[in-house]
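Here is a short set of exercises to work through with the model open beside you. Try each task before reading its solution.

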Amino acid sequence: MSYDFDKTHELILKSALKNFSENGFRNASIRNICKEAGVTNGAFYAHFKSKEDLFSALVSEKLKLFNDTYQNLSEMDIKSSEDVLHIFEMSYGSIETLIHYVYSEYDVFKLVLQCSGGTSYENFVNELIDAECENTMLFLEGSRKYMKRPDNISYRFIRIGSAMVINFAFEAFLNGASEEDNIRETKTACDFCIAGYRHLLGI
């Protein structure tokens with residue numbers, strides 16, 4: 001791949017990041033992105049299929065790495081109520097790593113959380129909550145025999161808990177909280193959820 005091709009590619013990405021951040025995906029135009037990058041519209045299509053393909057080039061790899069940090073709880077080996085509680089604590093304990101990653105990819109997550117309307121990424125948070133809830137439900141269903149009150153397992157309740165922690169972390173991020181404050185406060189929300197699960201399920 002030639003130097004000129006690589007340079008043009010990077011210029012388009014840099015211009016796209018600026019335009020998407022300032023105008024959102026829907027209001028950003030390929031024409032303006034190309035104009036600010038100093039390239040022609042024809043050159044744009046030598047690099048990207050569409051405006052959404054360009055947006056995806058900015059965020060997809062980073063989001064995949066983020067999603068890969070989630071561990072499927074349904075695959076854990078559960079042999080006692082202590083294991084159930086330990087896995088809850090381990091799962092919520094990973095929040096620090098996740099928040100650190102969000103702050104390390106600040107521009108990407110700002111784009112996804114604030115500027116992705118009209119793209120396949122606009123439901124990123126809800127899809128993350130759904131996945132977390134599904135994994136938690138599978139984990140809990142497989143751990144029923146270690147609970148004193150297994151009939152209290154409820155999809156709606158589990159989703160509320162998952163949404164609370166995930167939304168808390170992202171809201172703090174968007175509202176300008178420091179990484180340190182976000183980690184500390186989100187961990188408090190996690191402790192609240194763990195205590196609730198212990199009481200609700202009898203573990």
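Contact here means heavy atoms within 4.5 Å. The model is predicted, and the exercises below all refer to it.

**Exercise 1. The nonpolar core**

Find which residues have the most contacts inside the largest nonpolar core, and which helix gives the most to this core.

Solution.
- Step 1: The largest nonpolar core holds 62 residues.
- Step 2: Inside it, the residues with the most contacts are Phe20, Leu54, Val59, Phe66, Phe109, Phe124 and Phe170.
- Step 3: Helix H8, which spans residues 124-141, gives the most to this core, with 8 residues.
- Step 4: Now turn to phenylalanine 124. Once its neighbours within four places in sequence are left aside, phenylalanine 124 is in contact with Leu63, Phe66, Asn67, Phe109, Val112, Leu113 and Phe170.
- Step 5: As background, nonpolar side chains in soluble globular proteins tend to be buried together.

**Exercise 2. A residue in H8**

Decide whether leucine 128 is buried or exposed, and state how many Å separate its C-alpha atom from that of glycine 24.

Solution.
- Step 1: Locate leucine 128 in helix H8.
- Step 2: Its relative accessible area is 6%. Buried means under 20%, so leucine 128 is buried.
- Step 3: Leucine 128 and glycine 24 lie 104 residues apart along the chain, and their C-alpha atoms are separated by 21 Å.

**Exercise 3. Where H6 meets H10**

Describe how helices H6 and H10 cross, and sort the residues of their contact by character.

Solution.
- Step 1: Take helix H6 (residues 95-104) and helix H10 (residues 179-201); their axes come within 10 Å and cross at roughly 145 degrees.
- Step 2: This crossing is right-handed.
- Step 3: H6 brings Ile95, Glu96, Ile99, His100 and Tyr103 to the contact, while H10 brings Glu179, Asn182, Ile183, Thr186, Lys187 and Cys190.
- Step 4: Sorted by character, the residues of this contact are 5 nonpolar, 3 polar and 3 charged.
- Step 5: Look for a salt bridge between the two helices: the side chains of lysine 187 and glutamate 96 meet in one, at 2.9 Å from N to O. This pair links distant parts of the chain, with lysine 187 in H10 and glutamate 96 in H6, 91 residues apart.
- Step 6: Check the accessibility of the pair. Lysine 187 counts as partly exposed at 32%, and glutamate 96 is partly exposed at 38%.

**Exercise 4. What covers H6**

List the buried residues of H6 and name helices that cover them.

Solution.
- Step 1: The buried residues in H6 include Ile95, Leu98, Ile99, Tyr101, Val102 and Tyr103.
- Step 2: Their cover includes helix H4 (51-68), helix H5 (81-93), helix H7 (106-114), helix H9 (155-174) and H10.

**Exercise 5. Salt bridges**

Which residue forms a salt bridge with glutamate 22, and how are the two placed in helix H1?

Solution.
- Step 1: The structure holds 10 salt bridges. In one of them, glutamate 22 pairs with lysine 18, and the closest N and O atoms are 3.4 Å apart.
- Step 2: The two residues are 4 residues apart in helix H1 (residues 3-27), so about one helical turn separates them.
- Step 3: Glutamate 22 is exposed, with a relative accessible area of 54%, whereas lysine 18 is partly exposed at 39%.
- Step 4: Another salt bridge joins the side chains of glutamate 141 and arginine 144, at 3.2 Å from N to O. Glutamate 141 is partly exposed at 40%, and arginine 144 is partly exposed at 29%.
- Step 5: Salt bridges that share partners also join Lys18, Glu22 and Glu36 into one network.

**Exercise 6. Two residues to compare**

Which residues do threonine 8 and isoleucine 78 contact, not counting those up to four places away in sequence?

Solution.
- Step 1: Threonine 8 is found in helix H1 and counts as buried at 18% relative accessibility. Its contacts are Val39 and His47.
- Step 2: Isoleucine 78 sits in the loop between H4 and H5 and counts as buried at 14%. Isoleucine 78 touches Asp83, Val84, Ile87, Phe139, Ser143 and Tyr146.
- Step 3: For a sense of distance, the C-alpha atoms of threonine 8 and lysine 148 are separated by 62 Å, and those of isoleucine 78 and phenylalanine 170 are 31 Å apart.

Terms used:
Residues numbered from 1 in each chain as written. Predicted model: local features only at pLDDT ≥ 70, side-chain atom pairs only at ≥ 80, totals over all residues. Heavy atoms only, no water. Core = buried A, V, L, I, M, F, W, Y, C linked by side-chain atoms within 4.5 Å. Buried < 20%, exposed > 50% of the residue type's maximum accessible area, 1.4 Å probe, protein only. Axes fitted to C-alpha atoms, helices over the stretch in contact; angles between N-to-C directions. Left-handed = near helix turned anticlockwise from the far one by under 90°. Nonpolar A, V, L, I, M, F, W, Y, C, P; charged D, E, K, R; others polar. Salt bridge = Lys/Arg side-chain N within 4 Å of Asp/Glu carboxyl O.
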